Amino acid sequence: MKTPLRYQVTRNDCGPTSMTNALSYLLGREEFPPEVLEYVYSVMLDKYRGEQHPGGTSCWAMRFFGHWLNDTRRTTGLPIEAHQLRGEEVQIGDGTPFIGCIERGGAAVMSCFLAGSDHYVLVTGVNRDVQGRIESFRIFDPWYVEGKDDLVEEGFPPQYEEFITIVDDHPFEYNRIVGRQVLCSNMMINYSLTCHTPQELLLLRRTDGK
C-alpha cells in the first residue's frame, strides 16, 4: 500500500521531506525500511551544522544520500537506484536521463527556486502536448500554500502565471503542474531551475521492474 505524500513542517526541511516523498512514491509502505527514514533526517539537515548556514540540505548531503542508497541496494537488496545530475548535466528534453527516468516510472528530487531561496521538490511525471512535445511536469511541492496567490507573488512575471497550476486531487503523486517554460526560465522565479546554486537533480528508480 502506498501512502499520501507529505508536507514539510519547517522552512528548512524540504530536502528530507522531498526525499521521503520520493521513496514513498516508489515503495509501498510495507517495503519502506524504517532505518532509511531515520537516515534521511540524520543526513539531510546538514546545513544546521555550522554557524555560516541558515539551515536546510546541501547538494553534498543529497549526493551522499544517493551513494548511501546505492550501497544499501547492494548490501540489503532495497530495490532503489540513485544517480545525481548537477550543473550542465541537468538537461530537460527527449533522450535525457531526467526525462527517461521519469517516463519509465522513476522520480527526481529537484532543486528549484521558490520564494527567494533554493528549494527541493519531487518530480513524478511529464505531460506532453498532442504533438508529443514536453509541455509540463507533475511536481509535488512540500511547501504548503492555500492558493495560487501564494505562489504568484508581487513581481512574478505575468507571462508565466498560466503555467503554474495547483492540484489537490492527486495526493499520492503531485500537487502542482508546472510548465516547461517555468522550469527552463533563466530568471529566478518560482519553480525555475535557475537557483542560487548550480542546477541539481537526484534521479531515483526501482531496479526490480515494479
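Contact here means heavy atoms within 4.5 Å. The model is predicted: local features need pLDDT of at least 70, side-chain atom pairs count only at pLDDT 80 or more, and totals for chains, interfaces and linings use all residues. Residues are numbered from 1 along each chain as its sequence is written, and side-chain values use heavy atoms, with hydrogens and water left out.

**Exercise 1. Describe the surroundings of Glu 161.**

Solution.
Step 1. Locate the residue: Glu 161 belongs to the loop between β4 and β5 (164-166). Strands (E, at least two residues) and helices (H or I, at least four) are DSSP runs, numbered from the N terminus.
Step 2. List its partners: leaving out residues up to four places away in sequence, Glu 161 touches Lys 148, Val 152 and Phe 156.
Step 3. Classify its accessibility. Buried means under 20% relative accessible area, exposed over 50%, and partly exposed in between (1.4 Å probe, protein chains only). Glu 161 counts as partly exposed because its relative accessibility is 32%.
Step 4. Relate it to a distant position: Thr 3 is 158 residues away along the chain, and the two C-alpha atoms are separated by 31 Å.

**Exercise 2. State which secondary structure elements the protein has, and in what order.**

Solution.
Step 1. Count the elements: there are 5 helices and 7 strands.
Step 2. Read along the sequence: the pattern is α-α-α-β-α-β-β-β-β-β-α-β.
Step 3. Consider the contacts with a separation of 6 or more: residues 24 or more positions apart account for 61% of them.

**Exercise 3. Determine whether the radius of gyration agrees or disagrees with that of a compact globule.**

Solution.
Step 1. Set the rule: the radius is taken over C-alpha atoms, and the globule rule is 2.2 Å times the number of residues to the power 0.38.
Step 2. Compare: for 210 residues a compact globule would have a radius near 17 Å, and the protein has 16 Å, which agrees.
Step 3. Add the extent: the C-alpha trace spans about 50 × 50 × 35 Å along its principal axes.
Step 4. Add burial: 50% of the 210 residues count as buried.

**Exercise 4. Identify the largest nonpolar core and the elements that contribute to it.**

Solution.
Step 1. Define the term: a nonpolar core is a set of buried Ala, Val, Leu, Ile, Met, Phe, Trp, Tyr and Cys residues joined through side-chain atoms within 4.5 Å.
Step 2. Find the core: the largest has 31 residues, and those with the most contacts inside it are Phe 98, Met 110, Val 123, Phe 137, Ile 139, Tyr 191 and Leu 201.
Step 3. Assign the elements: two or more residues come from each of α4 (97-103), β2 (107-114), β3 (117-128), β4 (134-140), α5 (180-183) and β7 (200-206).
Step 4. Note the second core: a separate set of 28 residues includes Val 43, Ala 61, Phe 65 and Leu 202.
Step 5. Examine one member: beyond its neighbours within four places in sequence, Met 110 contacts residues including His 119, Val 123, Ile 139, Leu 183 and Leu 201.

**Exercise 5. Contrast Tyr 191 and Ala 115, and decide for each whether it is buried or partly exposed.**

Solution.
Step 1. Inspect the backbone: phi is near 80 degrees at Tyr 191 and near 50 degrees at Ala 115. Each is a positive value in a residue other than glycine.
Step 2. Locate them: Tyr 191 is in the loop between α5 and β7, whereas Ala 115 is in the loop between β2 and β3.
Step 3. Classify them: Tyr 191 is buried, with a relative accessible area of 0%, whereas Ala 115 is partly exposed at 41%.
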